[in-house]
Amino acid sequence: MKTLLKNCKIVNHDKITEGNILIDGEIIASVTASADEKADKVIDCKGKYAVPGLIDLHVHFRDPGLEYKEDITSGAKAAVAGGVTAACPMANTKPVNDNRIITEYMIKKAKEDGLIDIFPIGAMTKGMEGEELTEMGDMVEGGAIGFSDDGKPVCSAEVFRRAAEYAAQFGSFVISHAEDKSLAGAGVIHEGEVSAITGLRGIPSESEEVMVARDILMSKLTGAHVHICHISSKGTLELIKWGKSMGYNVTCEVTPHHFTLTDKELLGYDTNCKMNPPLRAQEDVDAMIEGLRNGDIDCIVTDHAPHSRDEKAQEFDLAPFGMTGIQTMLPLSLALVEKGVIDMPAFVRLTSYTPAKLIKKNDRGEIAVGKLADIAIVDPDLEYVFDMELNRSKSVNTPYIGKTLKGAALYTIKSGRVVFEFPTK
Amino acid sequence: MAYKRKDLLGMKDLSKEEILYLLDTAQQFTEINERDVKKVPTLKGKTVINLFFEPSTRTRTSFEIAGKRLSADTINFTSSSSSTTKGETLIDTVKNMESMHSDIFVVRHAYSGSVKFIAEHTDAKVINAGDGLNEHPTQALLDMLTIRQSKGRLEGLEVAIIGDITHSRVARSDVWAMTKLGVNVRLFGPTTMIPKHSEVFGCRVCKSMHEAVEGADVIIMLRIQRERQGKLLIPSTKEYAKYFGLTKDKLTLAKPDALVMHPGPINRGVELMSNVADGDQSGVLRQVSNGVAVRMAALYILGIGNNKGGMDENAS
């Protein structure tokens with residue numbers, strides 16, 4: 001089966017070219033200027049962008065164990081609707097993904113659906129209890145790409161050190177949800193003007209920053225790659241810049257909501273905007289944008305965190321942290337392109353090229369001959385209301401539901417197959 | 001009628017006119033409370049449910065008396081801090097109460113924002129009787145009524161609020177309301193009890209007890225919640241009393257006729273020394289009396305007014 005994508009603006013991490021992409025089976029067979037290739041299926045992409053399928057390094061698909069919020073199938077459907085062709089689910093499933101069997105289960109289920117590839121992040125410690133290391137070697141062999149205890153940050157610097165050292169030996173890396181829980185206390189939103197106004201308990205930026213500092217130093221100590229996930233504060237970015245300038249092996253990611261929304265969203269006590277790390281102040285959002293502009297931030301991820309309606313429809317303090325985001329990453333990131341913060345090649349670097357490099361998947365992240373045909377055809381100008389019909393996740397805990405968004409994947413192609421088409425109403 | 005909202009959730013969103021209307025109405029109700037027969041038929045046939053998800057005796061009793069003096073059927077529903085003890089959600093609890101054709105809910109809850117959350121999910125009128133650290137609007141109204149009775153005005157007065165500002169819904173409601181009415185509010189307390197971003201209150205944050213008290217017309221001492229704040233925010237009540245408590249000596253720094261207030265219950269010898277709490281300048285018991293009048297005003301305005309479907313709390 002051959003598919004021809006005609007007249008695309010082909011975006012790679014370093015340049016944009018006009019041309020046609022011929023897909024043969026799962027692989028990109030040629031990228032040419034001429035359109036006379038023979039194909040079984042032809043899609044005219046005139047005026048639209050062809051970008052490498054987005055790779056989301058940070059999602060929660062809740063499978064196994066909490067499938068009422070999301071499962072691998074529904075998560076994958078939401079993913080492709082957002083142009084995402086590969087995702088890395090965090091280990092906080094039930095049971096925790098701290099062994100090869102669960103890792104392999106996730107990969108297999110996604111393969112059977114055939115919508116996206118899943119590269120699981122294994123737990124750093126057994127049961128995510130912060131004490132004993134997991135069988136990282138075995139899990140890497142089973143397909144795990146990195147290790148993290150995510151929402152339960154490893155308190156012990158010693159344990160974190162050993163995990164980083166050990167993961168590195170198997171060519172893997174550790175991912176730090178940087179948070180000093182004792183400093184965050186019973187906080188539910190950013191400690192700032194809005195927490196003072198609303199009487200909602202605050203989480204200071206420093207609860208993130210002290211752990212970022214520690215984990216950068218653990219990278220210094222071990223030489224291992226430490227990836228700081230969903231950074232949210234200006235101070236964190238300063239620390240990461242310092243770590244990089246010292247030559248330590250540290251990288252970081254940011255979510256669209258942390259470069260788009262501030263804690264002002266919480267003035268109305270909307271639990272959909274309750275997340276961890278919390279939405280922070282304008283100066284932090286500005287810092288995130290600046291970090292994306294100048295390349296200090298390595299990639300954009302969603303931290304897609306589905307929760308059921310009932311769980312979010314509670315007293316603010318009792319509602320769980322997190323919002324869905326895998327379908328809104330594309331429009332929110334393209335908004336940066338429209339504002340001139342980044343250009344299209346930088347968009348590709350942040351959403352697929354660099355993520356592929358970080359997880360060492362050299363078969364993707366680029367539109368080039370011989371690479372996997374994971375491609376999103378993107379219309380940056382398409383405006384639409386993100387409603388329940390478009391939402392493919394099982395959950396709807398996002399402040400963007402009912403809002404007008406701009407920019408969408410018209411087609412998502414996974415391993416040469418069209419797995420999503422934007423619905424025409 | 002100057003108050004067209006469905007609910008009374010807080011002082012932050014109210015206009016100066018709405019606050020004054022509530023105060024003026026409360027002033028009229030003080031007279032009923034001084035009568036021999038303290039009961040009017042105003043809310044006869046109306047059902048008021050006191051939904052208390054957090055323990056309270058004083059506020060609940062005050063609302064109960066207020067409802068009864070207006071001839072409303074007042075029922076108390078008390079539950080532990082969360083309605084979910086039996087697995088029922090807060091909204092289900094409220095919906096059940098609403099189904100019994102209740103007209104007004106008076107709600108106290110341990111979490112900030114939860115009374116607004118309830119108001120958004122019920123057609124009944126909702127009065128916030130204290131939500132988490134957020135607001136306690138009737139307390140602010142009774143504070144202002146007491147001050148206005150004592151000083152004859154509010155505008156231009158120097159009011160000091162002293163104690164745990166961060167964790168005080170009373171302080172928040174007082175600040176939002178008083179600053180709108182032209183009161184100069186100053187705040188003071190241990191640094192551990194002053195929010196990091198206190199500039200949002202638009203008040204002067206004082207550096208010493210001396211600065212806080214000096215020249216004040218009114219001093220509001222907040223209650224230290226020993227059971228809640230544990231040992232982290234202050235080392236001991238003894239030390240608190242020394243540096244942050246109001247003694248007769250410190251009171252001399254204020255205006256000679258300064259009024260001393262406290263939302264109660266007082267930790268005697270901690271935030272207020274007994275000779276101040278019981279002294280000539282104390283307005284503490286007047287606050288309690290005014291509490292009933294204020295709550296009658298709130299119940300009356302929401303209960304009698306046709307304010308359903310009017311401007312609601314979200315309309316800002």
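1. A residue counts as buried here when its relative accessible area is under 20%, as exposed over 50% and as partly exposed in between (1.4 Å probe, protein chains only). By that yardstick, 59% of the 316 residues in chain B are buried.

2. A friendly word on the ground rules: this is a predicted model, so local features need pLDDT of at least 70 and side-chain atom pairs count only at pLDDT 80 or more, while totals for chains, interfaces and linings use all residues. Residues are numbered from 1 along each chain as its sequence is written, chains are lettered from A in the order in which they are written, and side-chain values use heavy atoms, without hydrogens and water.

3. Chain B holds twelve helices and nine strands (DSSP runs: H or I of at least four residues, E of at least two). Its radius of gyration, taken over C-alpha atoms, is 19 Å, which agrees with the value near 20 Å for a compact globule of 316 residues (2.2 Å times the number of residues to the power 0.38). The C-alpha trace spans about 55 × 45 × 35 Å along the principal axes of chain B.

4. Now the interior. The largest nonpolar core (buried Ala, Val, Leu, Ile, Met, Phe, Trp, Tyr and Cys joined through side-chain atoms within 4.5 Å) has 94 residues; among the members touching the most others are A:Val51, A:Ile116 and A:Phe347. A second, separate core of 62 residues includes B:Tyr3, B:Ile19, B:Leu222 and B:Leu259.

5. Look next at contacts, meaning heavy atoms within 4.5 Å. In chain B, 75% of those between residues at least 6 apart in sequence join residues at least 24 apart.
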